[in-house]
Amino acid sequence: MPLSGVTIAFDLDGTLVETAPDLIGTLNAMLAEEGLPPVPLASARHLVGNGAKAMMEHGFREAGALFDPTHTPRRMDRFIEVYLARIADESHVYEGVVEALDHFAGRNARLAVATNKRTDLSVALLAKLGLQDRFAAIVGADAVSARKPDPAHLIETARLAGGDHRRMVMVGDSANDVRSARAAGIPVVAVTFGYTEVPAAELGADLVIDHFRDLPGAVETLLR
């Protein structure tokens, strides 16, 4: 099925890339600097999509320590510094992603990333993983007027990619992805392997997939 004029937008963390090991590793490095014990990956994995502050608050709470909000700016700067130094040490692209991107590119679709992660961090991660050049636009929350779940994030991502959100499909793993797509009138596919406390089947997506090999068929179904 030709996809000329279609934009396919992807969330990043938990959709294209398994980033939890490096993000939780960064959190544990921060906790060690504060003299606090590490948190297990399993206990904090679901927080990845909520940002560094939420992860740090979780880590302090798990250790029974007080998280002083007046120190947040300093800690956020340090978190970014540590994370950038190890941004793709353990993070990896999910199985089937590259093949799916090749499939869509071969059918002339525009590909974009719409993520609440900062744009510079998103670009750095995708560059390290060899995926940066596959996307017409990599759009973090800082590059749009409003972040997901606001529909503006997807609408502006489509425009930055040279497309039109009225011919767009969103692929994500969280309630924010589904809610932003719904608000923008964009069909949405949810993956089951990402970072969400609510099961993917309960997020309200049009279709749910367990593996990226199923994405081309899902996209064609939605566009028909």
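Guide: In this predicted model, a residue counts as buried under 20% relative accessible area, as exposed over 50%, and as partly exposed in between.

Visitor: Why is E57 called partly exposed?

Guide: The relative accessibility of E57 is 27%, and because partly exposed covers what lies between the 20% and 50% limits, E57 counts as partly exposed.

Visitor: What makes E57 and K53 a salt bridge?

Guide: The closest N and O atoms of E57 and K53 are 2.5 Å apart, and the rule asks for a Lys or Arg side-chain nitrogen within 4 Å of a carboxyl oxygen of Asp or Glu, so the pair is a salt bridge. The two residues are separated by about one helical turn, because they stand 4 residues apart in helix α3. K53, at 38% relative accessibility, also counts as partly exposed.

Visitor: How do you know which of R224 and E220 is buried and which is exposed?

Guide: R224 has a relative accessible area of 70%, and since exposed means over 50%, R224 is exposed; E220 has 15%, and since buried means under 20%, E220 is buried. These two residues form a salt bridge, with their closest N and O atoms 3.4 Å apart.

Visitor: Why do D120 and R118 count as partly exposed?

Guide: D120 has 41% relative accessibility and R118 has 38%, and because both values fall between the 20% and 50% limits, the two residues count as partly exposed. Their side chains meet in a salt bridge at 2.7 Å, N to O.

Conventions
Residues numbered from 1 in each chain as written. Predicted model: local features only at pLDDT ≥ 70, side-chain atom pairs only at ≥ 80, totals over all residues. Heavy atoms only, no water. Buried < 20%, exposed > 50% of the residue type's maximum accessible area, 1.4 Å probe, protein only.
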